[in-house]
Amino acid sequence: MLQLHRFNRVSRQFFPRILNPSFFSTTTTNGSKTSPAPSPPPIQVLLTESAGRGVFATRNIQPGELIHTAQPLISHPLLSSIHKVCYFCLKNIPKDSKFQTHDVLFCSEHCREQAKGFYQVEKEADWSAFVAHCQDMGLNYPFLAKRLACMVISGATSTNSLDILQPERLSDERISHMKNEVGLLRGALEDSGVTDEQLRFLTFEWYTGVLARIRINAFRIELAGGCYEDLHALAAALVESEAGVGNAVYILPSFYNHDCDPNTHIIWVENVEARLKALREIKAGEELRICYIDASMDRDARQDILSYGFGFDCHCPRCISDDCLD
């Protein structure tokens, strides 16, 4: 997610592609040797004339079309959901899952294996002080930073894996609040036997840089369940389910800019896999945009949340005209 304003055109001559979307797929394979290779999505990431990056259609995209899917770089369940969902993919699962490990659940052997590296680090530490601090302060994002630190220690990712994302400009007050968090995080890992060499990366500067990116790029994961081809039915299901189960950070979905009347929608059906679908027809060369907030709010409320939570004033056509959604 980036703090960019709307613009009229993009010069492809001067703004090169900066991300190869072939790493993301609009199709799935069944493991057969005869299965076709996943095709790249009909998009490209370009620099905009105003500032930063945006996602653009390379061909016409039809309403309801699945544009691409994406897996998160990091994810973590909410504390309220930690005994209800898979610790790796956030899928809702019964309490008596046969893949339970210590005090967390996995939905399958595959997810348990995928989590094996970072979970081996996590389960050795006493997180009670870290969790209590986050609960007292009403914080969720430090759990993503904790997960990322454990992934780095286990070798599952690099220390700079989030550097490609736009960071928030943190206030001095917010930075000062992070001192306790990084101290508790580092202390829990040190007490569990993680060596000073393994923790060399875990400095205050690294932690604040990670949180600055997580704060404006993390998505709240809301599961609708089932299979919804109708986007209106999906939206209704999400409202009814109040299905917030965790938070996650993605790479490509974070390049989508905001619009209060978006042409693209991000959804989660059964797990943390993100699906980007077109809300209406999108022309080749048009920018694809999602809404970062509840689009049903009035203009003043939207502006307040976007300014405080994302650090920008929205100048989309709807905000400029003070229009309402139909």
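Me: What is the volume of the second largest pocket, and what makes a space a pocket and not a cavity?
Reply: In this predicted model, the second largest pocket has a volume of about 520 Å³. The word pocket is used because the set of points is open, whereas in a cavity the 1.4 Å probe fits but cannot get out.

Me: Which residues line the second largest pocket, and which elements supply them?
Reply: Its lining consists of 20 residues, and those nearest the centre of the pocket are Gln71, Pro72, Phe88, His110 and Gln114. At least two residues each come from β5 (74-77), α1 (109-122) and α3 (141-154), and α1 gives the largest share, with five residues.

Me: How do the residues of that lining divide into nonpolar, polar and charged?
Reply: The lining of the second largest pocket has 10 nonpolar, eight polar and two charged residues. Phe and Pro count as nonpolar, so Phe88 and Pro72, which are among the residues nearest the centre, belong to the nonpolar group.

Me: How many cavities are there, and what lines the largest cavity?
Reply: The count comes to one cavity of 30 Å³ or more, and the largest cavity holds about 40 Å³ of space. Its lining is made of His76, Pro77, Leu78, Leu79, Asn140, Phe143 and Asn247, which divide into four nonpolar, three polar and no charged residues.

Me: How do you know that cysteine 319 is in no disulfide?
Reply: The structure holds zero disulfides. For cysteine 319, the nearest cysteine sulfur is that of cysteine 260, 3.6 Å away, while a disulfide requires the two sulfur atoms to be within 2.5 Å, so this pair does not qualify.

Me: Why are cysteine 319 and cysteine 134 called buried?
Reply: Buried means a relative accessible area under 20%. Cysteine 319 has a relative accessible area of 1% and therefore counts as buried, and cysteine 134, at 1% relative accessibility, is buried because its value is also under that cut-off.

Me: What makes leucine 90 stand out, and where is it found?
Reply: Leucine 90 has a positive phi of about 70°, although it is not a glycine. Most residues other than glycine have a negative phi. Leucine 90 is found in the loop between β5 and α1, and with 0% relative accessibility it counts as buried, because that value is under 20%.

Me: Why are β9 and β10 said to pair?
Reply: Two strands pair if there are at least two bridges between them, and four bridges join β9 to β10 (residues 274-278), so the condition is met. The two strands run antiparallel, and they form a hairpin with six residues between them. Along this pairing, histidine 265 has lysine 277 in β10 as its bridge partner, and threonine 264 stands opposite alanine 278 in β10.

Me: What is the order of the strands in the open sheet, and why are β4 and β9 called edge strands?
Reply: The open sheet of three strands has the order β4-β10-β9, with antiparallel pairing. The strands β4 (66-70) and β9 (264-267) are its edge strands, as each pairs on one side only. Neighbouring strands of this sheet are turned by 20° against each other on average, with direction ignored.

Methods. Residues are numbered from 1 along each chain as its sequence is written. This is a predicted model: local features need pLDDT of at least 70, side-chain atom pairs count only at pLDDT 80 or more; totals for chains, interfaces and linings use all residues. Side-chain values use heavy atoms; hydrogens and water are left out. On a 1 Å grid over the protein atoms alone, a cavity is a set of points where a 1.4 Å probe fits but cannot get out, and a pocket is an open set with protein on both sides within 12 Å along at least five of seven lines; lining residues have an atom within 4 Å of a point. Grid points are joined across faces, edges and corners, and a volume is the space filled by probe spheres set on the points. Buried means under 20% relative accessible area, exposed over 50%, partly exposed in between (1.4 Å probe, protein chains only). Axes are lines fitted to C-alpha atoms, for helices over the stretch in contact, and angles run from 0 to 180 degrees between N-to-C directions.
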